[in-house]
Amino acid sequence: QVQLVESGGGLVQAGGSLRLSCAASGSIFSINAMGWYRQVPGKQRELVATIVSGGSTNYADSVKGRFTISRDSAKNTVALQMNSLKPEDTAVYYCNAAVKLIGASYFRNYWGQGTQVTVSS
């Protein structure tokens, strides 16, 4: 029905930058919020940043001023520019989207497969 495909993870030194991208495809009628979450082993998945269809954004306090989320609604894509990376940013990053399928009357959450981000000290 809907696929979210992430790209852009990798290994970077502390202070460096990475850009994550996510593309949604499938029987999409509309997308409300899109966002990025992250998870480390043994901990709950946590919100990193979200952006709604109107463009309003929300960030975790730990990434404010360092990360920037953006989206291209025409292409159903969302990106996360991560600057001044810290070792504590190391995690698997997941793309999320609230999608209304063609013919559906409600939005449903979809997740990508995750991409590893490792920040070395």
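A search of the whole structure, which is a predicted model, finds 1 aromatic pair. The two rings belong to Tyr-37 and Trp-111, and they meet edge-to-face, with 5.1 Å from centre to centre and 70 degrees between the planes. The angle explains the name, because planes over 60 degrees apart count as edge-to-face. Tyr-37 lies in strand S4 whereas Trp-111 lies in strand S10, so this pair ties together parts of the chain that are 74 residues apart in sequence. Trp-111 counts as partly exposed, because its relative accessibility is 39%, a value that falls between the limit of 20% for buried residues and the limit of 50% for exposed ones.

The ring of Trp-111 also has a charged group over it, since the charged end of Arg-45 sits there at 4.6 Å from the ring centre. The charged end of Arg-45 sits over the ring of Tyr-94 as well, and here the distance to the centre is 3.7 Å. Arg-45 can therefore serve the reader as a place from which to find both rings, because a charge sits over a ring when CZ of Arg is within 6 Å of the ring centre and within 35 degrees of the ring normal.

From Trp-111 the view can move along to the strands around it. Strand S10 covers residues 108-111 and pairs with strand S9, residues 91-101, in the antiparallel sense over 4 bridges. Within this pairing, Asn-109 in S10 is the bridge partner of Ala-98. The two strands form a hairpin with 6 residues between them, and in this hairpin Gly-103 takes a positive phi near 90 degrees.

Strand S9 also leads to the disulfide, and a search of the whole structure finds 1 of these. It is formed by Cys-22 and Cys-95, whose sulfur atoms are 2.1 Å apart. Cys-22 lies in strand S3, residues 18-26, and Cys-95 in strand S9, so the pair ties together parts that are 73 residues apart in sequence. The torsion about the S-S bond is about -80 degrees, so the disulfide is left-handed. Cys-22 is buried, with a relative accessible area of 2%, and Cys-95 likewise counts as buried, at 0% relative accessibility.

Strand S3, which holds Cys-22, is also part of an open sheet, in which 4 strands follow one another in the order S1-S3-S8-S7 with antiparallel pairing. Strand S1 (2-7) and S7 stand at the edges with a single partner strand each, so one side of each is left without a neighbour in the sheet. From one strand to the next, the twist averages 15 degrees. S1 and S3 run antiparallel and are joined by 6 bridges, and Val-2 stands opposite Gly-26 in S3.

Charged side chains give another set of links, and the count comes to 4 salt bridges. Which residues are joined into one network by salt bridges that share partners? To answer this, it helps to follow the contacts one by one. Arg-38 forms a salt bridge with Glu-46, and the closest N and O atoms of the two are 2.7 Å apart. Arg-38 counts as buried, at 6% relative accessibility, whereas Glu-46 is partly exposed, with a relative accessible area of 37%.

Arg-38 also forms a salt bridge with Asp-89, where the closest N and O atoms are 3.0 Å apart. This pair links distant parts of the chain, with Asp-89 in the loop between strand S8 (77-82) and S9, Arg-38 in strand S4 (residues 28-39), and 51 residues from one to the other. Asp-89 is buried, with a relative accessible area of 1%.

A further salt bridge brings the side chains of Asp-89 and Arg-66 together, at 2.7 Å from N to O. Arg-66 lies in the loop between strand S6 (57-59) and strand S7 (67-72) and Asp-89 in the loop between S8 and S9, so the pair ties together parts that are 23 residues apart in sequence. Arg-66 counts as buried, because its relative accessibility is 11%. The residues joined into one network through shared partners are thus Arg-38, Glu-46, Arg-66 and Asp-89.

Methods. Residues are numbered from 1 along each chain as its sequence is written. This is a predicted model: local features need pLDDT of at least 70, side-chain atom pairs count only at pLDDT 80 or more; totals for chains, interfaces and linings use all residues. Side-chain values use heavy atoms; hydrogens and water are left out. Two strands pair if DSSP finds at least two bridges between them. Buried means under 20% relative accessible area, exposed over 50%, partly exposed in between (1.4 Å probe, protein chains only). A disulfide is a pair of cysteine sulfur atoms within 2.5 Å. Rings of Phe, Tyr and Trp (its six-membered ring) pair if their centres lie within 6.5 Å; planes under 30 degrees apart count as stacked, over 60 as edge-to-face and the rest as tilted. Axes are lines fitted to C-alpha atoms, for helices over the stretch in contact, and angles run from 0 to 180 degrees between N-to-C directions.
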